[in-house]
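Welcome to a short guided tour of a protein chain. Have a look at the picture first, turn it around a little, and then read on.

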Amino acid sequence: MKVGDLVRPINTYEDDPINWVGVVVGPRWPTLLAKSGRVVVYWNSEYPNDVECKDNLEVINESR
């Protein structure tokens, strides 16, 4: 998972009407996040810098 990849949550709820898609914008704190297995995801203007666990995300389009 790298900066620019499009991601979505692996577990979605059936009653959740929103299909979340975000872009990995990179770690704000590289050493801390690299050790924890987390990335910073831009979901929308309401959630611009959410720290998410990589295990809970699925890459749907790579930026390479």
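Two residues are said to be in contact when heavy atoms of theirs lie within 4.5 Å. With that in mind, start at the end of the chain: leaving aside neighbours within four places in sequence, Arg 64 is in contact with Lys 2 and Asp 5. Please remember throughout that this is a predicted model.

**The two ends of the chain**

Arg 64 belongs to the segment after β5. Is Arg 64 buried or exposed? Arg 64 is exposed, because its relative accessible area is 56% and the cut-off for that word is over 50%. Its neighbour in this story is Ser 63, which is also found in the segment after β5. Ser 63 has 40% relative accessibility and therefore counts as partly exposed. Not counting residues up to four places away in sequence, Ser 63 touches Val 3, Gly 4 and Asp 5.

The C-alpha atoms tell a related story. Ser 63 and Met 1 are 62 residues apart in sequence, with 9.7 Å between their C-alpha atoms. For Arg 64 and Gly 4, the separation is 60 residues in sequence and 8.5 Å in space, C-alpha to C-alpha.

**The overall plan**

Now step back and look at the whole protein chain. How many helices and strands are there? The chain has one helix and five strands, and along the sequence they follow the pattern β-β-α-β-β-β. Of the 64 residues, 20% are buried. The accessible surface comes to about 4,800 Å², and 49% of this belongs to carbon and sulfur atoms. Among contacts with a separation of 6 or more, 36% are between residues 24 or more positions apart.

**The sheet**

The five strands form an open sheet in the order β4-β3-β2-β1-β5, with antiparallel pairing. Its edge strands are β4 (50-53) and β5, each of which pairs on one side only. On average, neighbouring strands of this sheet are turned by 50° against each other, direction ignored.

Three of the pairings are listed here, so that you can find them in the picture:

| Strand pair | Bridges | Sense |
|---|---|---|
| β1 and β5 | four bridges | antiparallel |
| β2 (residues 22-24) and β3 (residues 38-42) | two bridges | antiparallel |
| β3 and β4 | four bridges | antiparallel |

You can also look for residues that face each other across these pairings. Pro 9 stands opposite Leu 57 in β5. Val 23 has Tyr 42 in β3 opposite it, while Val 40 has Val 51 in β4 as its bridge partner. A useful rule to carry along is that side chains in a regular strand alternate between the two faces of the sheet.

**A salt bridge between β1 and β5**

How many salt bridges does the count give? The answer is one. Arg 8 forms a salt bridge with Glu 58, and the closest N and O atoms are 3.0 Å apart. Arg 8 lies in strand β1 and Glu 58 in strand β5 (residues 57-61), so the pair ties together parts that are 50 residues apart in sequence.

How open to the surroundings are the two partners? Arg 8 is partly exposed, with a relative accessible area of 37%, and Glu 58 counts as partly exposed at 33%.

Glu 58 is worth a longer look. Not counting residues up to four places away in sequence, Glu 58 touches Leu 6, Val 7, Arg 8 and Ile 10. The C-alpha atoms of Glu 58 and Pro 9 are separated by 6.1 Å, although these residues are 49 residues apart along the chain.

**A nonpolar patch on the surface**

One of the residues touched by Glu 58 is Leu 6, which lies in strand β1 (residues 6-9). Which residues make a nonpolar surface patch with Leu 6? They are Val 21 and Ile 60, and the patch made by these residues and Leu 6 is about 200 Å². Leu 6 is partly exposed, with a relative accessible area of 31%. That value fits the patch rule because patches are made of residues with over 30% relative accessible area.

Note on methods
Residues numbered from 1 in each chain as written. Predicted model: local features only at pLDDT ≥ 70, side-chain atom pairs only at ≥ 80, totals over all residues. Heavy atoms only, no water. Patch = residues over 30% accessible without salt bridge, like charges linked within 9 Å, V, L, I, M, F, W, Y side chains within 5 Å. Areas by Shrake-Rupley, 256 points an atom, 1.4 Å probe, with all protein chains shown as cover. Salt bridge = Lys/Arg side-chain N within 4 Å of Asp/Glu carboxyl O. Buried < 20%, exposed > 50% of the residue type's maximum accessible area, 1.4 Å probe, protein only. Pairing = 2+ DSSP bridges. Axes fitted to C-alpha atoms, helices over the stretch in contact; angles between N-to-C directions.
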